[in-house]
Structure formats: structure tokens, C-alpha cells
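Please work through the following exercises with the sequence and the structure at hand. Each task is followed by a solution in steps.

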Amino acid sequence: AEYMGLYYVFISLWGHQLFAPYGILYLCFVILLAVTACITVAMAYLQLSMENHRWWWLSVASGGATSFFMYAYCVYFLLVDSQMEGLLQLSFYFGYMLLICYGVFLMLGAIGWTCAFFFVRFIFGSVKCD
């Protein structure tokens, strides 16, 4: 689902075509947020079960790891679907995509950290020390 969402976003950004079904794109975004939250909570649980209590940065990295796939897809899009050529166009393309992917990394990393934080508070809040 995310592959098609990225394809439509890149076509509308770089292909100068109008993207009409915003509801599908919103649904893909909601699915992305839910999958990011679930994967990050699972990774935090695995880290805590191995008695590694430094789960903070791992939760940010596992949440934001989707942005690396997104940047790899932007290279694929440039090679297969785009008709860009020239050093100036390529520098703008890779520069803007690097900034967009960094923003996605920060957004998904923050969502992942927040979900992992509330999960850790929930599981350690139910522990009773007598």
C-alpha cells in the first residue's frame, strides 16, 4: 500500500500530474502510522526483554527507518519513471528528497518514540513493588 502511495505522491510532485484520490492517500498514511507504532512497540519490547534499557534511540531509529526506504524509492523513481536530466535538476531533486525524507524520519521517529514511551510506562506502571 505504501509503494502505491509513494508512486502517486512522486508523480504529483515531480511528474506534473494531478493526484485526485486523496482519501486513498490518507488511508495509506494512517496505515503507515499504525504499522510504525506497532513495529516500534515490538522493538522496544524486544529490547526490554533482553534487559537493554536504552530503548529511546532505537525506538526513534526503528520508527524512522521507513524514510530510508523512501529515499531508495526516490532513486528508483528517478531511474525508471522520471525524465529528469542535467546536474541542476538532479541536485534539486536529491536535495529536496533528502529534506523530505529527513522530515519523514523525524515525524515517524517521534511517533515511534511516543508509542514506545507510553507502552513502557504502561508495562512498568503495572509492576508492584512490595
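The expected span of a helix is 1.5 Å times one less than its number of residues. The model used here is predicted.

**Exercise 1.** Determine what span helix α5 should have, and compare it with the distance between its end C-alpha atoms.

*Solution.* Step 1: helix α5 covers residues 87-125, which is 39 residues. Step 2: at 1.5 Å a residue, helix α5 should therefore span 57 Å. Step 3: the end C-alpha atoms of α5 are 55 Å apart, which agrees with the expected span. Step 4: the buried residues of α5 include Tyr93, Met97, Cys101, Val104 and Phe105.

**Exercise 2.** Explain why cysteine 28 has no bond to the closest cysteine sulfur.

*Solution.* Step 1: a disulfide requires two cysteine sulfur atoms within 2.5 Å. Step 2: the closest cysteine sulfur to that of cysteine 28 belongs to cysteine 38 and is 16 Å away, so the two are too far apart for a bond. Step 3: cysteine 115 is in no disulfide either, as the nearest cysteine sulfur, that of cysteine 38, is 8.1 Å away. Step 4: the structure as a whole holds 0 disulfides.

**Exercise 3.** State whether cysteine 28 is buried or exposed.

*Solution.* Step 1: a residue is buried when its relative accessible area is under 20%. Step 2: cysteine 28 has a value of 9% and is therefore buried. Step 3: cysteine 115, at 27%, is partly exposed.

**Exercise 4.** Describe the second largest pocket by its volume and lining.

*Solution.* Step 1: its volume is about 220 Å³. Step 2: among the residues that line this pocket are Ile11, Trp14, Phe77 and Asp81. Step 3: by class, the lining has 4 nonpolar, 6 polar and 1 charged residues.

Technical notes: Residues are numbered from 1 along each chain as its sequence is written. This is a predicted model: local features need pLDDT of at least 70, side-chain atom pairs count only at pLDDT 80 or more; totals for chains, interfaces and linings use all residues. Side-chain values use heavy atoms; hydrogens and water are left out. On a 1 Å grid over the protein atoms alone, a cavity is a set of points where a 1.4 Å probe fits but cannot get out, and a pocket is an open set with protein on both sides within 12 Å along at least five of seven lines; lining residues have an atom within 4 Å of a point. Grid points are joined across faces, edges and corners, and a volume is the space filled by probe spheres set on the points. Ala, Val, Leu, Ile, Met, Phe, Trp, Tyr, Cys and Pro count as nonpolar, Asp, Glu, Lys and Arg as charged, and the others, Gly among them, as polar. Helices (H or I, at least four residues) and strands (E, at least two) are DSSP runs, numbered from the N terminus. Buried means under 20% relative accessible area, exposed over 50%, partly exposed in between (1.4 Å probe, protein chains only).
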